[in-house]
Amino acid sequence: MEGVHIREIAYALRKLGNEVYILSPPGVDIENPETDSSKSKNRWITKIYEVLPQSILEILRCFYNFFAYFRFKEAVRKYKIDFIYERYAFLTWVGPYFARKYRIPIILEVNEASGLDQVTGQVMVKLATSLEKRIFKIANAIIVVSNFLKRHIQKMGINEDKVFVIPNAVNPEVFDPDTVEDNLRRKLDIEDKLIIGFVGIFLPWNNLELLIDVFKEVTRENPKTHLLLVGDGPLKNTIERKVHQEGLRDKVTLAGKVNYRDVPKFIHSMDICVIPQSNQYRSPVKLFEYMAMAKPVVAPCVEPIKSVIMEYEDVVLFEPGDRDLLKKAIRGLIEIKNSRKKIGNKARKTIIKKYTWQNNAKKIVEIYKSSVHGQNVN
């Protein structure tokens, strides 16, 4: 999802009339992710990340700073840069270093911080925390995706006035139910089913095993229901085994990894979209994609999700990890077809009004003007 976010923000900033130059790691083509060469390189990089221990990955990330140093140096020499917009990554410091050296304003987008990621088990936490404090102090502005992250950064002694909360978003022109092909159900041979769906990476933090457990109970009560899981990841084999062990082979479709441009088609084929698990600091992009496709969403009641929908009530929430409440939420949407459509349509209206990458890009430009010229941010 990092690539989607970076690419969409770059496109949105360009649509506002800005020139955007993207510096990315070796082998990563953010702007053309679907080319054969880019796919091959991305698969190679993904395999390395899956095999190497976390300690080695963090050492490699430290060394990446020296590669990025020369890329930044060339960019500063070649282009007239008004400001740097960087998606902050654990143990990286080159962007803020060049910003301070050449007195270029820098806005950091922070999606996670040291010590918070319990999934990968960060190793160099003390070093990263020390670097983060310096980096965050250098930044002219910091954009975070949740109030939790804002509070976390404030505790580091960073002025709250330069920390802005902007949740993730979606491109509603790409995720548009009125322009998507409507024949995928037939291709998947699930045309007459009520589809409960998930799109994402098969990783522990998404807790797909909980969703499968709940679905097993739901489908006993409602034999017409079917579970569609779209994605890939380290837990793919685990999920496949669980589906077989639970006797759900005919009830669950594992679509595998699909091109991002095809994701709207798969969401369009779903009747109910589920986020089985999230946490207090992430802003799940899939939430906005589901909503943009006018689908009813079942999601855990964590602050980043609740803050997005509390004003509009477009999502059915359940207590995180509560199997019975997740089942109750799904069952409730199964029973009331008219409400599913109503909730979905309302969700898309919310997206159009507030949660698009274009809106986020406008806020970024406003923050830049405020941090550099002292203009007020609307």
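So, helix α9: its buried residues pack against α8 (208-221), β6 (225-230) and β7 (252-256). And just to be clear up front, this is a predicted model. Which residues of α9 are the buried ones? The helix covers residues 236-245, and in it Ile-239, Lys-242 and Val-243 are buried. Yes, there's a lysine in that set: Lys-242 is buried along with Ile-239 and Val-243. If you look down the axis of α9, the buried residues fall within an arc of 100 degrees, so they line one face of the helix. The general background here is that an α-helix has 3.6 residues a turn, so residues three or four places apart point the same way. One more thing about this neighbourhood: Gly-247 comes just after α9, and its phi is positive, about 70 degrees.

Okay, from that helix to the sheet. Two of the partners I just named, β6 and β7, belong to an open sheet of six strands. The order is β7-β6-β5-β8-β9-β10, and the pairing is parallel. What happens at the edges? There you find β7 and β10 (315-318), each with a single partner strand, so one side of each is left without a neighbour in the sheet. Direction ignored, neighbouring strands in this sheet are turned by 25 degrees against each other on average.

Let me zoom in on one pairing in there. Strand β5, residues 194-199, runs parallel to β8, residues 272-274, and two bridges connect them. Ile-196 is the residue that stands opposite Ile-272 in β8.

Now the other sheet. This one is open too, with four strands in the order β1-β2-β3-β4, again with parallel pairing. Its edge strands are β1 and β4 (163-165), each pairing on one side only. The average turn between neighbouring strands here is 20 degrees, direction ignored.

The strand I'd click on is β2, residues 106-110. How many of its five residues are buried? Five of the five, so to speak, by the numbers. Both faces are covered: Ile-106, Leu-108 and Val-110 sit on one side, Ile-107 and Glu-109 on the other, and all are buried. On either side of β2 there is a partner strand. With β1 (residues 84-87), β2 pairs in the parallel sense over four bridges, and Arg-87 has Glu-109 as its bridge partner. With β3 (residues 141-144), β2 is also parallel, joined by four bridges. Glu-109 turns up again there, with Ile-143 as its bridge partner in β3. And β1, helix α4 (residues 94-101) and β2 make a right-handed β-α-β unit.

Last, the whole chain. It has 15 helices and ten strands, and 47% of its 378 residues count as buried. Taking contacts with a separation of 6 or more, 70% come from residues 24 or more positions apart. The accessible surface is about 19200 Å², with 50% of that belonging to carbon and sulfur atoms.

How values were computed
Residues are numbered from 1 along each chain as its sequence is written. This is a predicted model: local features need pLDDT of at least 70, side-chain atom pairs count only at pLDDT 80 or more; totals for chains, interfaces and linings use all residues. Side-chain values use heavy atoms; hydrogens and water are left out. Buried means under 20% relative accessible area, exposed over 50%, partly exposed in between (1.4 Å probe, protein chains only). Contact means heavy atoms within 4.5 Å. Accessible areas come from the Shrake-Rupley method with a 1.4 Å probe; for residues, only the protein chains shown count as cover. Two strands pair if DSSP finds at least two bridges between them. A crossover is right-handed if, with the strands pointing away from the viewer, the path from the first strand over the helix to the second runs clockwise. The arc is that of the directions from the helix axis to the C-beta atoms. Axes are lines fitted to C-alpha atoms, for helices over the stretch in contact, and angles run from 0 to 180 degrees between N-to-C directions.
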